[in-house]
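Please open the structure in your viewer and keep the sequence beside it, since each stop on this tour asks you to select something and then look around it.

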Amino acid sequence: MFDDGSEESDDDGDDSSGLRSRDVVVPLRVYKAVTVFSTLFAVVTVVGGFIALDVATERATVPLPKIDFPLAIFGLALIAAGAAVYAFSTRFRAEGMGKPKDDSDEPSNNG
């Protein structure tokens, strides 16, 4: 976007503290709760989505006209919801956590 030069900013969205601008810094207790419950929700909804999809297609053995389309769409929606919750939960960082692994400011030291 437009940079008026009033703040220091990098091209990749990093701020001066080393965290990406889309990261949310929270206390450790909140971070743990978000991580546990979002992962639990994501796993349950993705597995439930695959079960619903399996039931809708009767283990992928019925012809196309006999598929229960509302149940299949519900299964796909559950899978997408679980993936979205997990993806958004990865934006949380606890206070004092290091830089994200995809930050290229530090050398990899692996060869």
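Select Ala81 to begin, and show what surrounds it in this predicted model: setting aside its neighbours within four places in sequence, Ala81 is in contact with Phe41 and Thr45. Ala81 has its place in helix H2, and it counts as partly exposed because its relative accessible area is 31%, while buried would require a value under 20%. Now add Val46 to the selection and compare the two C-alpha atoms, which lie 7.8 Å apart in space although Ala81 and Val46 are separated by 35 residues in sequence.

Next, select Thr45, one of the two contacts of Ala81 just named. Is Thr45 buried or exposed? With a relative accessibility of 7%, Thr45 counts as buried, because the limit for that word is under 20%. Thr45 sits in helix H1, and, not counting residues up to four places away in sequence, it touches Leu78, Ile79, Ala81 and Gly82. If you display the side chain of Thr45 together with the backbone of Gly82, you can find a polar atom of that side chain 3.5 Å from the backbone nitrogen of Gly82.

Now widen the selection to the whole of helix H1, residues 28-56. Its 29 residues should span 42 Å at 1.5 Å a residue, and because the C-alpha atoms at its ends are 41 Å apart, the model agrees with that expectation. Within H1, colour Ser38, Ala42, Thr45, Gly49, Ala52 and Ala56, which are buried, and then show helix H2, residues 69-89, against which the buried residues of H1 pack. After H1 comes Glu58, whose phi is positive, near 45°.

For the next stop, show the chain as a whole. It has two helices and two strands, and, followed from the N terminus, these elements run in the order β-α-α-β. Of its 111 residues, 23% count as buried, and the accessible surface of the chain comes to about 8,600 Å², with 62% of that belonging to carbon and sulfur atoms. Among the contacts in the chain with a separation of 6 or more, 72% are between residues 24 or more positions apart.

Finally, colour the model by pLDDT, the predictor's confidence in each residue. The mean for the chain is 82, and 69% of its residues reach 70 or more. Select residues 1-12 as the last stop: here pLDDT stays under 50, and the model has two contacts beyond four places in sequence for this stretch.

Methods: Residues numbered from 1 in each chain as written. Predicted model: local features only at pLDDT ≥ 70, side-chain atom pairs only at ≥ 80, totals over all residues. Heavy atoms only, no water. Helix = DSSP H or I, 4+ residues; strand = E, 2+ residues; numbered from the N terminus. Expected span 1.5 Å × (residues − 1). Buried < 20%, exposed > 50% of the residue type's maximum accessible area, 1.4 Å probe, protein only. Contact = heavy atoms within 4.5 Å. Polar contact = N/O pair within 3.5 Å; in protein donor to acceptor, adjacent residues only side chain to side chain. pLDDT = per-residue confidence, 0-100. Areas by Shrake-Rupley, 256 points an atom, 1.4 Å probe, with all protein chains shown as cover.
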